[in-house]
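Here are a few exercises to work through with the model open in your viewer. Try each task before you read its solution.

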Amino acid sequence: MYEKLSDNELIALHQSGDAEAFPVILERYKELVKSIARSYFLVGGDRDDLVQEGVLGLLKAVNTFDKERGASFKTFVYRCVSASIQNAVKKSLSKGNMPLNDSDELKLVSPFNPEEMLLIGERGRALNDGANAALSELEFKILRYYLAGMTYGEIGKLTGRSAKSADNALQRIKKKLIKIIGEGDF
């Protein structure tokens, strides 16, 4: 029955306290949430953590959506999910969790046990060393800005380049990092 209802009908049901409406909306939008999550990296976390943050953004969208404001629900979901994931990424990059500090070592803050932390630290150092070797100084700067959640336009301004140039650099960086990960024992 719920599957046949429109998004707006499901939202109204959810906002009125119907606990069965949100799972249907989640099913409809889970691929969008996963798609958005794939565009980000979370220090000390994994893809599932980003998806969970995205689901929280979806829940916020469902709780606060007002069709009278003129935006489509899908657009509103995209903005809420993106904002939720970006906030998680920015939080992971806060001063205490900053992955690439002045000495260019990777720091991870995690609830794992010491043995897991050692393994994660070794993998992080290997990835960091590989990135240091493969990326130019400019690419490394652009990667830092990107991981901090900056837009291509902001990165371009900070590096004296265009947004398109920043985007092109990020595409090169992603290919290099994928190659490093493929060669390593990750």
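**Exercise 1. Work out whether Phe65 is buried or exposed, then find its ring partner.**

Solution. Keep in mind that this is a predicted model. Start with the accessibility: Phe65 has a relative accessible area of 9%. The cut-off for buried is under 20%, so Phe65 counts as buried. Now look for the partner. Phe65 makes an aromatic pair with Phe73, with the ring centres 5.1 Å apart and 80° between the planes. Planes over 60 degrees apart count as edge-to-face, and that is how this pair is classed. Phe73 is buried too, with a relative accessible area of 6%.

**Exercise 2. Track down the aromatic pairs in the whole structure and see which cluster they build.**

Solution. A search of the whole structure turns up three aromatic pairs. One of them joins Tyr29 and Phe73: edge-to-face again, 5.3 Å centre to centre, with 85° between the planes. Next, place the two rings on the fold. Tyr29 belongs to helix α2 and Phe73 to helix α4 (residues 73–92), so this pair ties together parts that lie 44 residues apart in sequence. Both Tyr29 and Phe73 are buried. Finally, collect the members: Tyr29, Phe65, Phe73 and Phe76 make up one aromatic cluster.

**Exercise 3. Stay on helix α2 and pick out salt bridges between residues about one turn apart.**

Solution. The structure has five salt bridges, so let's take the ones on this helix step by step.

- Glu27 and Lys30 meet through their side chains at 3.1 Å, N to O. They sit three residues apart in helix α2 (residues 21–37), about one turn of the helix. Lys30 has 29% relative accessibility, which means it counts as partly exposed.
- Glu31 and Lys34 also form a salt bridge, at 3.7 Å, N to O. This pair is likewise in helix α2, with three residues' separation, about one turn. Glu31 comes out at 46% relative accessibility, so it is partly exposed. Lys34, at 34%, is partly exposed as well.

**Exercise 4. Find the salt bridge that Arg172 forms with Glu139, and say which network it belongs to.**

Solution. First check the distance: the closest N and O atoms of Arg172 and Glu139 are 3.3 Å apart. The bridge links distant parts of the chain, since Arg172 is in helix α8 (residues 163–183) and Glu139 in helix α6 (residues 137–147), 33 residues apart. Then compare the surroundings of the two ends. Arg172 has 42% relative accessibility and counts as partly exposed, whereas Glu139, at 6%, counts as buried. Last step: salt bridges with shared partners join Glu139, Arg172 and Lys176 into one network.

**Exercise 5. Decide where pLDDT calls for caution, using the mean values and the stretch under 50.**

Solution. Begin with the whole chain: its mean pLDDT is 79, and 76% of the residues reach 70 or more. Then go by element. Helix α1 (residues 7–15) has the highest mean, 91, and helix α5 (residues 114–134) the lowest, 64. Now for the weak stretch: over residues 98–112, pLDDT stays under 50. The model does give residues 98–112 a set of 36 contacts beyond four places in sequence. How should you treat such a region? Where pLDDT is low, the predicted coordinates shouldn't be read in detail.

Key
Residues are numbered from 1 along each chain as its sequence is written. Side-chain values use heavy atoms; hydrogens and water are left out. A salt bridge is a side-chain nitrogen of Lys or Arg within 4 Å of a carboxyl oxygen of Asp or Glu. Helices (H or I, at least four residues) and strands (E, at least two) are DSSP runs, numbered from the N terminus. Buried means under 20% relative accessible area, exposed over 50%, partly exposed in between (1.4 Å probe, protein chains only). pLDDT is the predictor's confidence in each residue, from 0 to 100. Contact means heavy atoms within 4.5 Å. Rings of Phe, Tyr and Trp (its six-membered ring) pair if their centres lie within 6.5 Å; planes under 30 degrees apart count as stacked, over 60 as edge-to-face and the rest as tilted.
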